[in-house]
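Here are some notes to read alongside the model. Keep the viewer open and click on each residue as it comes up.

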Amino acid sequence: MIEPRAVVIGVGNDYRRDDGIGPAVARRLESLHIPAVTVARWDGDPTGLLDLWADVELAVVVDAVRCDPSDPGRVWRTTVEVLRGCARATGSHALGIPDVLPLGRVLGRVPAELVVVAVEAQSLDLGVGMSGPVAAAIPDVVAVVLSELARLGLRPSEPALPE
């Protein structure tokens, strides 16, 4: 078995509308079977996150965010520090990434590099199904994540098929 060099973590909850973007992207990436990449979903348990990203070269976290003013479906690559200053937690996670990262640093359980791919949410209400702008952003989010992995030479063994 190939030792993982990177992890992609889809943060969120499929039962809170647009908060399902992280898990949806994770499912799409899992289907690509990228060698040396672990793909996971995270619901807010801090120890689970620390176990997922410890000792990898790159961790890419995909999460729904709420910003003021809002632009639903906008996809942007950012860092935890920038995210902390401009976005508010979606409310479905016990602890957000900005809360878990300092704990990971203290425990020595962080990746060499952490990238956040944020997607602006329209609705985080209880219910199933993403809003149109957020669902339409899934291919763009997948492309951003694949671009991040490609910096390490990590690519799907087969070209991704459009869905």
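The points below go from the inside of the fold to its surface.

1. First, some ground rules. This is a predicted model, in which local features need pLDDT of at least 70, side-chain atom pairs count only at pLDDT 80 or more, and totals for chains, interfaces and linings use all residues. Numbering runs from 1 along each chain as its sequence is written, and side-chain values use heavy atoms, with hydrogens and water left out.

2. Start with Val 61, in strand β3 (residues 58-67). Strands (E, at least two residues) and helices (H or I, at least four) are DSSP runs, numbered from the N terminus. Is Val 61 buried or exposed? Val 61 is buried, with a relative accessible area of 0%; buried means under 20%, exposed over 50% and partly exposed in between (1.4 Å probe, protein chains only).

3. Who sits around Val 61? Beyond its neighbours within four places in sequence, its contacts (heavy atoms within 4.5 Å) are Ile 9, Val 11, Trp 53, Ile 97, Leu 114, Val 115, Val 116 and Val 117.

4. Now the largest nonpolar core, which has 30 residues. Such a core is a set of buried Ala, Val, Leu, Ile, Met, Phe, Trp, Tyr and Cys residues joined through side-chain atoms within 4.5 Å. Among the residues touching the most other members are Val 8, Val 25 and Leu 29. Two or more residues each come from β1 (6-11), α1 (21-30), β2 (37-42), β3, β6 (113-120) and α6 (138-150). Helix α6 gives the largest share, six residues.

5. Don't miss the second, separate core: its 21 residues include Leu 50, Val 65, Trp 76 and Val 80.

6. Helix α4 (residues 97-107) is a nice one to spin around, and Val 106 is in it. Its buried residues are Ile 97, Pro 98, Val 100, Leu 101 and Gly 104. Seen down the axis, they fall within an arc of 155° (taken from the directions from the helix axis to the C-beta atoms), so they line one face of the helix.

7. What does the face of α4 turned away from its buried side carry? That face has the exposed residues Val 106 and Leu 107, and Val 106 has a relative accessible area of 70%. Just after α4, Gly 108 takes a positive phi of about 70°.
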